[in-house]
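Got the structure open? Let's take a walk through it together, one piece at a time.

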Amino acid sequence: MMKGKSKKVKSKGETGCEWSLTIYGFRLLPFAFSLLSFLSGCGGAQSVLNPAGPQAGRISRLWWFMFYVCAVVFVLVSISILVAAFRSRRRSHDEFDATHIIPEPRSEQRMTRVVTGAIAVTTIILSVFLVASFRTGRATYTLQDPAALTVKVTGHQWWWEVRYEDQTPSNIFKTANEIHIPVGRSVELKLTSTDVIHSFWAPNLDGKKDLLPGHENIIWLKADHEGEFYGQCAEFCGHQHAHMRFVVVAESPDKFNAWLEAQRKPAFQPADAAQGRGQQVFLSSPCVMCHTIRGTDAGGSVAPDLTHLASRKTIAAGTLPLTRGHLAGWITNSQEIKPGNRMPPVPLPPEDLQALLSYLESLK
Ligand code: CUA
């Protein structure tokens, strides 16, 4: 019986080198490489380990605290396994000896102390983790700032509707997939959904929060420096879940106020004949059924507001950079680009398409 067990430990012949990389059939080298590649994925621009606000800072500190404690535990457990494996290997060369099965009372006492100690340390570590994560959760839950900017974010399959609230109704406006916030000011995001459950996650700024149909969740953000912070829907919500991105643009209060003023205005009127024709194409095509362009008769509400489309960086919820070519491809057949999305193909004669593109590009 003992012989059988020891074979498992040796696993590959008697050569020390092979043995040292394999314990109980568990290969250490591939594991070490996959651990390294896994950890390298934790950094980068869109990462909680690159915090740009107080909440992400707290989450990041919690992550590093847990990482260091777990790393120490991992090293200690690995050393214990190696020591146990070496001892077991030495014994396997001995003759069968009943004392290996029935331990001496003194060694049994020692093992009981070791196991009890390990259980106590594990319990203490897990309790500390519990308290630390509870404290982080409480600290990130709310910023309690009466002067906060309020923005309503509604999840749709598969894009984000962003509505800037204001005491004055005429100042309220909608945009899509792009949330501008002023640096240093608390922002209260009211989250809801029109269809299925989505999840708002801008890792550089805060943790995740679900968007539930018929219910409003709140998440707070605060950026401590300027930058563009990408986010992603973090709850599987259907075919194009992976193409449900957004960007949070944190900018100085002056730049933010200028952006706010520009967004509140109705759309620019066509400045030349091509743009005028493009506007007519828009208003006489199916586009008008779903999209709004403030200042025109287009008032659809099931698709992104296009009043200031050309001021945005991407189309299709972060799927493509906003360029004339991408816009043309998207209008002609968006199903090729993002299959299953709610926009049907809009076949247009080439002259009409070019005019429409000129008009849409003028909507700064
Ligand atoms: Cu929306 Cu996943």
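Strands E4 and E5 run antiparallel and are joined by four bridges. To see the pairing up close, find Val162, which sits opposite Thr175 in E5. Before going further, keep in mind that you're looking at a predicted model.

Now zoom out a little. E4 and E5 belong to an open sheet of five strands, and reading across it you get the order E5-E4-E3-E7-E10, with mixed pairing. Which strands stand at the edges? They are E5 and E10 (217-221), and each of them has a single partner strand, so one side of each is left without a neighbour in the sheet. The sheet isn't flat like a sheet of paper either, if you go by its strands: neighbours are turned by 25° against each other on average, ignoring direction. One handy general idea for looking at any sheet is that side chains in a regular strand alternate between the two faces.

Next, look for helix H6, residues 253-264. H6 lies across E3, E4 and E5, and runs at about 105° to E5. This helix has 12 residues and reaches 16 Å from its first C-alpha to its last, close to the 16 Å expected at 1.5 Å a residue. Which residues of H6 are buried? Phe256, Trp259, Leu260, Gln263 and Arg264 are. Try looking down the axis of H6: its buried residues fall within an arc of 130°, so they line one face of the helix. And what covers them? The cover includes strands E3 (149-156), E4 (159-164) and E5 (173-176), which you've already met, along with E6 (178-182) and E12 (245-251).

E12 deserves a stop of its own. Six of its seven residues are buried, so E12 is largely enclosed by the rest of the structure. E12 pairs with E6, running parallel to it, and five bridges join the two. In that pairing, Ile179 has Val248 of E12 as its bridge partner. E12 also pairs with strand E11 (residues 227-233), this time in the antiparallel sense and over six bridges. There you can spot Tyr230 standing opposite Val247 in E12.

Let's move to another helix, H4, which covers residues 54-93 and holds Gln55. Is Gln55 buried or exposed? Residues count as buried when their relative accessible area is under 20%. Gln55 has just 1%, so it is buried. Who are its neighbours? Leaving out residues up to four places away in sequence, Gln55 touches Thr140, Leu143, Leu205, Asp206, Trp220, Leu221 and Lys222.

Our last local stop is a pair of helices, H7 (residues 273-284) and H10 (residues 350-361), whose axes come within 7 Å and cross at roughly 105°. That makes H7 roughly perpendicular to H10. On the H7 side, the contact is made by Ala274, Gln275, Arg277, Gly278, Gln279, Val281 and Phe282. From H10 come Glu351, Asp352, Ala355, Leu356, Ser358, Tyr359 and Leu360.

Finally, step back and take in the whole chain. How many helices and strands are there? The chain has 10 helices and 14 strands. Of its 364 residues, 37% count as buried. If you take contacts between residues at least 6 apart in sequence, 61% of them join residues at least 24 apart.

How values were computed: Residues are numbered from 1 along each chain as its sequence is written. This is a predicted model: local features need pLDDT of at least 70, side-chain atom pairs count only at pLDDT 80 or more; totals for chains, interfaces and linings use all residues. Side-chain values use heavy atoms; hydrogens and water are left out. The expected span of a helix is 1.5 Å times one less than its number of residues. Buried means under 20% relative accessible area, exposed over 50%, partly exposed in between (1.4 Å probe, protein chains only). The arc is that of the directions from the helix axis to the C-beta atoms. Contact means heavy atoms within 4.5 Å. Two strands pair if DSSP finds at least two bridges between them. Axes are lines fitted to C-alpha atoms, for helices over the stretch in contact, and angles run from 0 to 180 degrees between N-to-C directions. Angles under 35 degrees count as roughly parallel, over 145 as roughly antiparallel, 65 to 115 as roughly perpendicular and the rest as oblique.
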